[in-house]
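Trainee: Got a minute to go through this model with me? I'd like to start at a helix end.

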Amino acid sequence: MFRYGDEEKDLQCSFCGKKQEEVKRLVAGPSVYICDECIEVCNEIVSEDLPDEADDEEFSLPTPAEIFEHLNEYVVGQERAKKVISVAVYNHYKRIFSPLKSTNNTEIEKSNILLIGPTGCGKTLIARTLANILEVPFAIVDSTALTEAGYVGEDVENILLRLIQAADFDFNEAEKGIIYIDEIDKIARKADNPSITRDVSGEGVQQALLKIIEGTVADVPPQSGRKHPHQEYIQIDTNNILFICGGAFVGLEEVIERRMNENVVGFGSEVSSLSEKERMEILKEVEPEDLLEYGFIPELAGRIPVTTTLNKLDEDDLVRILQEPRNSLVDQYRSLFEIEDVNLKFTPDALREVASEAIERDTGARALRSIIERAMLDIMYDVPDDDEIEECVVTAEAIRGDEKPIRVYPGEREEKESA
């Protein structure tokens with residue numbers, strides 16, 4: 001208890017114990033005192049607890065048209081697919097962030113997305129670009145690595161751990177992220193009738209995926225691996241996580257054609273004889289019942305309501321992909337050569353040759369980098385040690401391997417122009 005005469009010199013902060021003369025200011029309360037330094041610390045602690053609410057308020061959701069325009073900067077073609085996806089993604093995040101969701105009793109279910117298209121047509125790129133546009137965590141998983149719990153392979157819950165890791169263990173951010181499940185068609189049931197043995201990488205995985213896709217609080221092992229009874233789990237709510245699934249769905253057009261009960265190119269024609277364009281036209285008619293016949297369980301098909309198809313890329317598309325998008329391959333290689341103060345050029349015939357070889361490999365845009373890398377191996381090996389090279393020109397002959405890229409040294413360009 002302080003004496004009246006000594007009160008001023010005896011005052012000290014009740015939190016840190018510093019005396020009045022050791023701080024700038026001491027604020028008095030009922031029988032307690034707090035200094036300006038402790039007040040500042042308290043403000044920092046309180047402010048750290050508020051960002052989650054502030055983030056929701058500050059989240060700026062682009063409109064479908066804006067999402068579409070952003071996708072155009074990175075993804076060539078696939079106009080219909082980009083439009084469908086833009087609307088679906090907008091509705092998904094509007095459902096999360098709209099202020100009306102707390103006053104309206106209507107519960108809006110999330111619309112997960114299914115992308116159907118051949119390999120290398122841009123399915124993964126679209127999903128990754130969406131995550132970049134919205135600035136949300138993003139994770140990719142290959143469904144072929146997943147198995148039913150208790151079998152050799154990867155548990156389904158591990159895909160959530162990848163999303164948590166992508167969010168730097170910020171659970172609030174992870175619960176608003178995007179997960180892309182590749183080759184979803186590979187877990188289709190292999191027969192119309194359930195097998196008497198376990199289909200541990202087919203229907204069993206579909207059942208395991210169902211819960212996290214439709215929305216649940218999932219128990220995730222803190223480190224990638226199998227669950228066991230004595231392990232502590234990370235809990236994450238998947239209700240607001242957007243799942244985008246992609247696959248080639250080879251043979252699905254035959255299922256659709258049987259349902260439609262019509263021959264696309266004439267009486268007695270086989271689906272196997274259809275052109276790629278005709279196949280894609282059939283795939284656009286896909287219905288949930290076709291996915292069921294293909295081997296999906298009804299519950300899972302119902303939880304992926306937005307379905308769109310992507311076209312196989314032709315030679316013109318691949319030429320555009322090489323040079324038009326942001327971070328195009330041509331721009332990337334030019335930047336690499338600029339570091340060495342060398343100007344890199346690709347002739348139009350060279351780009352056309354790269355696209356032509358990619359078409360022959362039948363892997364879409366995936367083959368483009370490996371074709372260019374092979375053609376430019378020697379020049380990329382030599383350039384760092386040759387300070388005299390001023391320009392490098394890649395021709396169609398260089399892409400085919402018949403010749404090496406043309407090296408231009410100082411003075412040679414002027415000589416050729418004058419000649």
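Trainee: Which residue follows helix 7, and what is its phi?
Mentor: Asp168 follows helix 7, and its phi is positive, near 55°. Keep in mind that this is a predicted model.

Trainee: And inside helix 7, which residues are buried?
Mentor: Asn158, Ile159, Leu160, Leu161, Leu163 and Ile164 are buried.

Trainee: How many residues are in the largest nonpolar core?
Mentor: That core has 43 residues. Those with the most contacts inside it are Ile159, Leu160, Ile181, Leu209 and Leu252. Helix 7, residues 158-166, supplies the largest share of this core, 5 residues.
Mentor: Another core lies apart from it, with 31 residues. Val330, Leu344, Val354 and Ile389 are among them.

Trainee: Back to Leu252. What is it in contact with, leaving aside neighbours within four places in sequence?
Mentor: Leu252 is in contact with Ile116, Leu283, Val286, Asp290, Leu291 and Tyr294. Leu252 is also one of the buried residues of helix 10, residues 252-260. The others are Glu253, Val255, Ile256 and Glu257.

Trainee: What do those buried residues of helix 10 pack against?
Mentor: Strand 3, helix 11 (276-283) and helix 12 (288-294). Just after helix 10 comes Asn261, with a positive phi of about 55°.

Trainee: New topic, the open sheet. What is the strand order?
Mentor: 5 strands, in the order 4-5-8-3-9, with parallel pairing.

Trainee: Why is one side of strand 4 and of strand 9 left without a neighbour in the sheet?
Mentor: Strand 4 (138-142) and strand 9 (306-309) stand at the edges, and each has a single partner strand, so one side of each has no neighbour there. On average, neighbouring strands in this sheet are turned by 20° against each other, direction ignored.

Trainee: How many bridges join strand 4 to strand 5?
Mentor: 5 bridges, and the two strands run parallel. Val141 stands opposite Ile181 in strand 5. Ile181 also has one of the highest contact counts in the 43-residue core, being listed among those with the most contacts inside it.

Trainee: Which helix packs on the sheet there?
Mentor: Helix 6, residues 123-134. Helix 6 touches strand 3 (113-116), strand 4, strand 5 and strand 8 (242-247). The direction of helix 6 makes about 175° with that of strand 5.

Trainee: What about pockets? What volume does the largest have?
Mentor: About 850 Å³. It is lined by 28 residues, and the closest to its centre are Tyr74, Gly122, Leu125, Ile321 and Ala365.

Trainee: Which helix gives the most to that lining?
Mentor: Helix 6, with 7 residues. Helix 4 (64-74), helix 15 (329-339) and helix 17 (367-375) are also among the elements that give two or more residues.

Trainee: And how many cavities of 30 Å³ or more are there?
Mentor: A search of the whole structure finds 2. The largest cavity has a volume of about 70 Å³. Its lining includes Pro118, Cys121, Lys312, Leu318, Ile359 and Asp362.

Trainee: Last one, strand 6. Which residues are on its covered face?
Mentor: Ala218 and Val220 are on the covered face, while Val217 and Asp219 are on the uncovered one. In a regular strand the side chains alternate between the two faces of the sheet.

Trainee: How does strand 6 pair with strand 7, parallel or antiparallel?
Mentor: Antiparallel, over 4 bridges. Asp219 has Gln235 in strand 7 as its bridge partner.

Conventions: Residues are numbered from 1 along each chain as its sequence is written. This is a predicted model: local features need pLDDT of at least 70, side-chain atom pairs count only at pLDDT 80 or more; totals for chains, interfaces and linings use all residues. Side-chain values use heavy atoms; hydrogens and water are left out. A nonpolar core is a set of buried Ala, Val, Leu, Ile, Met, Phe, Trp, Tyr and Cys residues joined through side-chain atoms within 4.5 Å. Buried means under 20% relative accessible area, exposed over 50%, partly exposed in between (1.4 Å probe, protein chains only). Contact means heavy atoms within 4.5 Å. Two strands pair if DSSP finds at least two bridges between them. Axes are lines fitted to C-alpha atoms, for helices over the stretch in contact, and angles run from 0 to 180 degrees between N-to-C directions. On a 1 Å grid over the protein atoms alone, a cavity is a set of points where a 1.4 Å probe fits but cannot get out, and a pocket is an open set with protein on both sides within 12 Å along at least five of seven lines; lining residues have an atom within 4 Å of a point. Grid points are joined across faces, edges and corners, and a volume is the space filled by probe spheres set on the points.
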